[in-house]
Structure formats: C-alpha cells, structure tokens
Amino acid sequence: MSLIEQRLGEIKQELAAAAQAAGRDAASVKLIAVSKTQSIDAVRTALGAGQRAFGENRVQEAQSKFAGLRSEYPDLELYLIGPLQTNKAEAAVRLFDVIQTLDRPNLADALAKAIVKTGHTPRFCIEVNIGQEPQKSGIAPDQLGEFLNYCRKLGLQVEGLMCIPPQDQDPAPHFRALRDLAAPHGLKLLSMGMSGDFATAIACGATEVRIGTAIFGKREKII
Ligand SMILES: *Cc1c(COP(=O)(O)O)cnc(C)c1O
C-alpha cells in the first residue's frame, strides 16, 4: 500500500471518530483532498484509493492536472479553495464543480456572467473572513447577509460558508461563529477544518473538511 493510500485510510478513520464523538454520522462530513502543488501521480494514487473530491488553489494548475482525468473519472468533484481573480471567472466556472471562495460583489458579477456564457452552473460557498484579519480574503461577518442577497439575486447557487481561521488562535470559537452565521440564512454547508484542526471543526459542525498535508505529505512550495 502506498503512503498516500495509508494516510487517506487513517484520515477517514479519524474523521469518522471525530464525527462519532460529536454524535454525528461520518457520512455527514465530506473529505476534500487538497492536492495543490502535488503531482498528477499523487492525485492518481488518491483516485485509485477511492477519493473523488479534490481541492485546488489555482485555476491554471487545476486545469493542467484535472482536465484529462474528468473523462476517466466522471464522478470526480473539483473544488476551488483559493482566491479567484475576476478575469479567471470563466475558466473557473468551466472547470470547477464548487467554488468556495466567493467573497466580493465584482467577483459575483463576473461569475454570473460566466455562467450565462458557458452554461456551466457550479455551486458556491461564500468565504467569510471569520477572524476579521485585515490581510485575509473573505467577506466581513457583518456584511454576509447583504452579500448573500446580492449573490442570490444574481442566481448564484450558494450552499454554504467557508473559512480559514487565524493561524495562532484556538480555531474552535471561529468555527462556531461560522456555524452560527450560516444557520439563520439556511446555509447547510460548512467548509472548515484543515490537516491540523479538522477534528475540532467536525465537533463544531463542519460538513466539509479540506485536508492536504495529512494526506499527501508536505508541500514543497508554499502557496
Ligand atoms: C492548503 C489549503 C488547505 C489544506 O491545508 P493542509 O494544512 O495542508 O491540510 C485547506 N484549505 C485551504 C483554503 C488551503 O489553501
């Protein structure tokens, strides 16, 4: 068994244990394997082990890695989890099943246009700057309601919220804050939790965890 296969198995067990400890069904938490900077071979190994949901940070990198795998794996699901520039909206809409970094009105406009033009209809999560950090992307928590209305008027299919909590703080209060923001708006999906904190995120209600390093090992480049 390869290392990637072994780690995937371990993560799935840890995920199930965290779900069980929270009184939740393991099937209520989706594992997104974050393959940014990893090779096609690494992705193929994960596919061979049954993994189908993958997260990438950059449109071009995802295109070069996954465009050819789609026909081989029709049930493959591709998530964009990195910042998106408006000039790449069309390419993103063509490639990704889910875009989790919807975070500003001009991006929503560009995505709505791209959907009309291409006929592709990805689903969305709105990224929230849950720790209100000046350098981070994401909509401010107190602007979520207004932004969500804006996106819905444009016809974007917004299903949930995504966040990356501040690095040197206990993530639990931030995860709970995201959960509490989502509920009153009827948003069911919570994309939160990475290699270091996914068990905490699951305890706080995560429905999707985004895990890279713990599956694929250390990334060579930092992006
Ligand atoms: C890289 C990345 C991850 C995965 O991080 P790991 O610590 O490697 O699990 C998750 N979410 C986002 C938005 C990322 O950029």
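The ligand in this predicted model is surrounded by 13 residues (each with a heavy atom within 4 Å of the ligand), and the closest of them are K36, S195, G212, T213 and R219. The space that the ligand takes is the largest pocket, where sitting in a pocket requires that more than half of the molecule's atoms lie within 2 Å of the pocket's grid points. Local features here need pLDDT of at least 70, and side-chain atom pairs count only at pLDDT 80 or more, while totals for chains, interfaces and linings use all residues. Residues are numbered from 1 along each chain as its sequence is written, and side-chain values use heavy atoms, with hydrogens and water left out.

**Around the ligand**

- The shell around the ligand divides into 6 nonpolar, 4 polar and 3 charged residues, with Ala, Val, Leu, Ile, Met, Phe, Trp, Tyr, Cys and Pro counted as nonpolar, Asp, Glu, Lys and Arg as charged, and the others, Gly among them, as polar.
- A side-chain N or O atom of R219 lies 2.8 Å from an oxygen atom of the ligand, and a side-chain N or O atom of N57 lies 3.4 Å from a ligand oxygen atom.
- In G212, a backbone N or O atom is 2.8 Å from an oxygen atom of the ligand.
- On its own the ligand has 390 Å² of accessible area, of which the protein covers 90% (by the Shrake-Rupley method with a 1.4 Å probe).

**The largest pocket**

- The lining of the largest pocket consists of 31 residues, and K36, I164, Q167, M194 and R219 lie nearest the pocket's centre.
- These lining residues divide into 12 nonpolar, 11 polar and 8 charged.

**Positive phi values in loops**

- T37, a residue other than glycine, has a positive phi near 70°, and T37 is found in the loop between β1 (30–34) and α2 (40–48).
- Q132, also not a glycine, has a positive phi near 50°, and Q132 has its place in the loop between β5 (123–127) and α6 (144–153).

Key: On a 1 Å grid over the protein atoms alone, a cavity is a set of points where a 1.4 Å probe fits but cannot get out, and a pocket is an open set with protein on both sides within 12 Å along at least five of seven lines; lining residues have an atom within 4 Å of a point. A polar contact is a pair of N or O atoms within 3.5 Å; within protein, one must be able to donate a hydrogen and the other to accept it, and residues adjacent in sequence count only if both atoms are side-chain atoms. Helices (H or I, at least four residues) and strands (E, at least two) are DSSP runs, numbered from the N terminus.
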